[in-house]
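This report looks at how the inside of one protein chain is packed, beginning with its nonpolar residues and ending with a pocket. Please keep the sequence and the structure at hand while reading.

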Amino acid sequence: MVIFISYNFQGYCKLNNQAEDIPKEKLPLVGIGPKLLITMCPFFILFGIFNVIFYPVFQIPINYYLLVIIGSILIIIGIFIFIYSERILSLAHGSSELVTIKFYAYVRHPMYASWGLGVLPGIFCFFNSWFLFLLLFIYYSSVRIFIRKEEKHLLKKFGKKYTHYKKNVNLFFPKMKKYKPEQD
C-alpha cells in the first residue's frame with residue numbers, strides 16, 4: 001500500500017484521498033518583523049539625514065561615555081530578551097498550548113518589545129541624539145498596526161485562554177505582575 005501526500009492550492013492535505021482542513025492563514029515564524037523593517041527603513045533614513053544636518057540642536061546634554069554605557073546595556077538586555085523569547089516561541093511553534101511563561105508572563109510580544117524598549121533606544125544612545133528617539137513612537141505605532149493579524153490568529157486558535165491572557169498581559173509594555181493562567 002502506497003501513501004500519497006500532496007498539497008493543493010485550496011488549502012487541503014490529501015492522504016489516501018481523504019481531505020483534511022489546514023488553516024489557510026498560517027503565520028510565519030518571523031511574525032511581523034520583516035514588515036516592521038520595511039516600514040521603518042525610510043524613517044531611519046529620513047531621521048538620519050535630519051540628525052546629521054541639525055546635529056548640534058539634537059545632541060543629548062549628557063556625557064557621551066555615559067550614553068555609550070547606557071546604550072550598550074540596553075542593547076545587550078534587548079538582544080538577550082529577543083533571543084531567549086525567540087527560543088521559547090520556536091520550541092512552542094505549532095503546538096496547541098499558549099505560551100505564557102518566562103518573558104511571555106509579563107508582555108504578550110517580548111520580541112517586539114525587546115527592540116522597542118532595548119535595542120533601538122540603545123542604538124540611538126550611540127548617536128547622541130534625542131531626535132532619533134522619536135522613531136520609537138513610529139515603531140510602536142507600526143507594531144500596533146501590524147500585530148492585529150497575529151492577535152486575531154491567536155484569538156481564533158486559543159479562544160478564551162487568549163482572551164484572558166490578553167486582558168491580563170500588556171501588548172508591548174511589561175507589567176510587573178506575573179501572569180497567572182485561568183484555572184479550568
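## Cores, buried residues and a pocket

In this predicted model, the largest nonpolar core is made up of 19 residues, and those with the most contacts inside it are Leu36, Tyr112, Phe124, Leu135, Tyr139, Val143 and Phe172. Two or more residues of this core are given by each of the elements α1 (33–53), α4 (110–127) and α5 (135–158), and the largest share, five residues, comes from α5. If neighbours within four places in sequence are left aside, Leu36 is in contact with Tyr112, Tyr139, Ser142, Val143 and Phe146. Apart from this core lies another one, of 13 residues, which includes Val99, Ala105, Phe158 and Tyr162.

Two residues of helix α5 deserve a closer look, namely Ile147 and Glu151. Are they buried or exposed? Ile147 counts as buried because its relative accessibility is 2%, and Glu151 also counts as buried, because its relative accessibility is 6%; the cut-off for buried is under 20%. The table sets out the two residues side by side, with contacts that leave aside residues up to four places away in sequence.

| Residue | Relative accessibility | In contact with |
|---|---|---|
| Ile147 | 2% | Ile32, His109, Tyr112 and Leu171 |
| Glu151 | 6% | Arg108, His109, Tyr162, Lys166 and Leu171 |

Leu171 appears among the contacts of Ile147 and among those of Glu151. Along the sequence Ile147 and Leu171 are 24 residues apart, while in space their C-alpha atoms are 9.2 Å apart. For Glu151, the contact with Tyr162 includes a polar contact of 2.8 Å, which joins the side chains of Glu151 and Tyr162; Tyr162 is also one of the residues of the core of 13 residues.

The remaining topic is empty space rather than packing. Rolling a probe the size of a water molecule over the atoms shows where such space is left. The second largest pocket holds about 340 Å³ of space, and of the 15 residues that line this pocket, Gly33, Leu36, Phe82, Trp115 and Tyr139 lie nearest its centre. The elements α1, α3 (64–92) and α4 each give two or more residues to the lining, with the largest share, six residues, coming from α1. What kinds of residue make up the lining of the second largest pocket? The lining residues divide into 13 nonpolar, one polar and one charged. Leu36 and Tyr139, which lie among the residues nearest the centre of this pocket, are also among those with the most contacts inside the largest nonpolar core.

Methods. Residues are numbered from 1 along each chain as its sequence is written. This is a predicted model: local features need pLDDT of at least 70, side-chain atom pairs count only at pLDDT 80 or more; totals for chains, interfaces and linings use all residues. Side-chain values use heavy atoms; hydrogens and water are left out. A nonpolar core is a set of buried Ala, Val, Leu, Ile, Met, Phe, Trp, Tyr and Cys residues joined through side-chain atoms within 4.5 Å. Buried means under 20% relative accessible area, exposed over 50%, partly exposed in between (1.4 Å probe, protein chains only). Helices (H or I, at least four residues) and strands (E, at least two) are DSSP runs, numbered from the N terminus. Contact means heavy atoms within 4.5 Å. A polar contact is a pair of N or O atoms within 3.5 Å; within protein, one must be able to donate a hydrogen and the other to accept it, and residues adjacent in sequence count only if both atoms are side-chain atoms. On a 1 Å grid over the protein atoms alone, a cavity is a set of points where a 1.4 Å probe fits but cannot get out, and a pocket is an open set with protein on both sides within 12 Å along at least five of seven lines; lining residues have an atom within 4 Å of a point. Grid points are joined across faces, edges and corners, and a volume is the space filled by probe spheres set on the points. Ala, Val, Leu, Ile, Met, Phe, Trp, Tyr, Cys and Pro count as nonpolar, Asp, Glu, Lys and Arg as charged, and the others, Gly among them, as polar.
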